[in-house]
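Reader: I am new to this structure. Please take me through a close look at how its helices pack.

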Amino acid sequence: MLYDTIAAPATKNIQSAVSVIRLSGEQAVAIGDALLGGKLSKAADRSLVYGKIRDKDGNILDDCLAVKMISPKSYTGEDTVEFYCHGGKTVTECVMRELLKNGARLAEKGEFTKRAFLNGKMDLTQAEAVIDAIGAETKSALLMAQENLDGKLRHKIDGLRSRIMTEIMHILAGNDFPDETGGNHNDVILSRLKVILNDISSLLTSYDKGKILKDGFTAAICGKPNVGKSSLLNAILEEDRAIVTDIEGTTRDVITERIDIGGYMMNIADTAGLRESSDIVEQAGILKSYQYIEQVDYILYLLDASKELDAEETEYIKKLPAHTVVIYNKTDLNTPKIPDDFGKKVYCISAKNNEGVSELLDGIREDIEARLEQSESEETLFSERHYQALLMAEESLQRAISTLRMNLEADICSIDLEDAASYLGEITGTTVNDEVIDNIFKNFCIGK
Ligand code: GDP
């Protein structure tokens, strides 16, 4: 238990209907009482109290509702008080100042959640899910974050870790007490380790899904000059008004628009800003040279339906990755003759007249959903930190399995298994250092 008492506004410091101010720590009730004339200590735990907040000179700063939540039944696990004041910058500031005068300290970013973690109310996966839930931009991202907040990933990782610990025990017992344990059971242990390895590998594959749910998927509109790339982007943005923000892409000149298409965030780049060339070979070079395009989840390759498609471009399209769709634009001018050997989905649109664009977006959404369904794991990895730690655990487990296969020293094998268990512990926070913990909570806002 940490002993100082922290305070912070939990809502934004702007004019609003209600402002929530939080207080957590041993002195929370006493400090709350100082502002509310002793009403909190007399009130029942977790029931609302109405009272007037006064400063030390007796001036009324606000009338508010307040609640106390006594340890351990609170978010942080400590005694906590929440004030529901009138919204407004000055009310919030005056109440905060009074709390600080009475002995509270201004909370650091994420300190309430950090205390919840340190007091065992949640593990790191749950603490990180709090940020994911707050930052969720789509319903699908929110639902995934809530699953992790509910402890789904924590249980999975804890389960894997305890299965590895059990195998360490079996290996060491077989080694130290061969008579009592009937000696070497490497085959049985090996087969159980392989199942654990399989579970870890399948969880790792869920990161692709997690990334798409959390940050969205990336798409790029490519094609020769004047085929209508910018017009298509404009039509898509018209189509779906839920534009969240314009962000600078990772590559120079690539501007990405973020659009929610049916619950999935699409980061779509119009590559018109790239140096363009009518020479398809050179264009292929341009395409390759931009990291952003190489890495996108989805390529929208645009053709002009009013122009003849040459053999060179046909060949080029055939070679584009599987996650490419071919789009004939300007079908208001001409009905194109579509080769049947593209090996890609083909759409016909008119960006100018906004025809076929919603069908295109529906198709993209279906493709993304199909991709997400490929994940075998019930749990979803959301974070790069979890992914890296799990990769390390997988490697250590693979080494342990090789050692056991070769019937080498049991000690060597158990060291690798202990490493694997420790990497898993980093995910939940059991075996993690303070620096990592501090870094995680730095991403929180004040008051959370
Ligand atoms: P980009 O260079 O590939 O980005 O192409 P633009 O979007 O700038 O379009 C090039 C020209 O094609 C412009 O004059 C557009 O008005 C025109 N254009 C774009 N889409 C269509 C379409 O669906 N039908 C017709 N008829 N013209 C279009």
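**Two helix pairs**

Author: Helices H5 and H16 are oblique to each other, because their angle of about 40° is neither under 35 degrees nor in the range 65 to 115. This is a predicted model. H5 covers residues 124-135, and H16 covers residues 410-428. Their axes lie 6 Å apart. On H5, the contact is made by Leu-124, Thr-125 and Glu-128. On H16, Glu-426, Ile-427 and Thr-428 make the contact. By class, the contact of H5 with H16 has 2 nonpolar, 2 polar and 2 charged residues.

Now the other pair. Helix H9 spans residues 186-215, and helix H15 spans residues 384-405. They pack at an angle of about 155°, with axes 10 Å apart. That angle is over 145, so H9 is roughly antiparallel to H15. The crossing of H9 past H15 is left-handed. From H9, the contact residues include Asn-186, Ile-189, Leu-190, Leu-193 and Lys-194. Further along H9, Ile-200, Ser-201, Leu-204 and Tyr-207 are also among them. H15 contributes residues including Glu-384, Tyr-387, Leu-390, Leu-391 and Glu-394. Leu-397, Gln-398, Ile-401, Leu-404 and Arg-405 of H15 also take part. The contact of H9 with H15 divides into 15 nonpolar, 3 polar and 4 charged residues.

A last word on cysteines. The count of disulfides is 0. Cys-222 has 3% relative accessibility, so it counts as buried. Cys-94 is at 23%, so it counts as partly exposed.

Terms used:
Residues are numbered from 1 along each chain as its sequence is written. This is a predicted model: local features need pLDDT of at least 70, side-chain atom pairs count only at pLDDT 80 or more; totals for chains, interfaces and linings use all residues. Side-chain values use heavy atoms; hydrogens and water are left out. A disulfide is a pair of cysteine sulfur atoms within 2.5 Å. Buried means under 20% relative accessible area, exposed over 50%, partly exposed in between (1.4 Å probe, protein chains only). Axes are lines fitted to C-alpha atoms, for helices over the stretch in contact, and angles run from 0 to 180 degrees between N-to-C directions. Helices (H or I, at least four residues) and strands (E, at least two) are DSSP runs, numbered from the N terminus. A crossing is left-handed if the near helix is turned anticlockwise from the far one by less than a right angle, and right-handed if clockwise. Contact means heavy atoms within 4.5 Å. Ala, Val, Leu, Ile, Met, Phe, Trp, Tyr, Cys and Pro count as nonpolar, Asp, Glu, Lys and Arg as charged, and the others, Gly among them, as polar.
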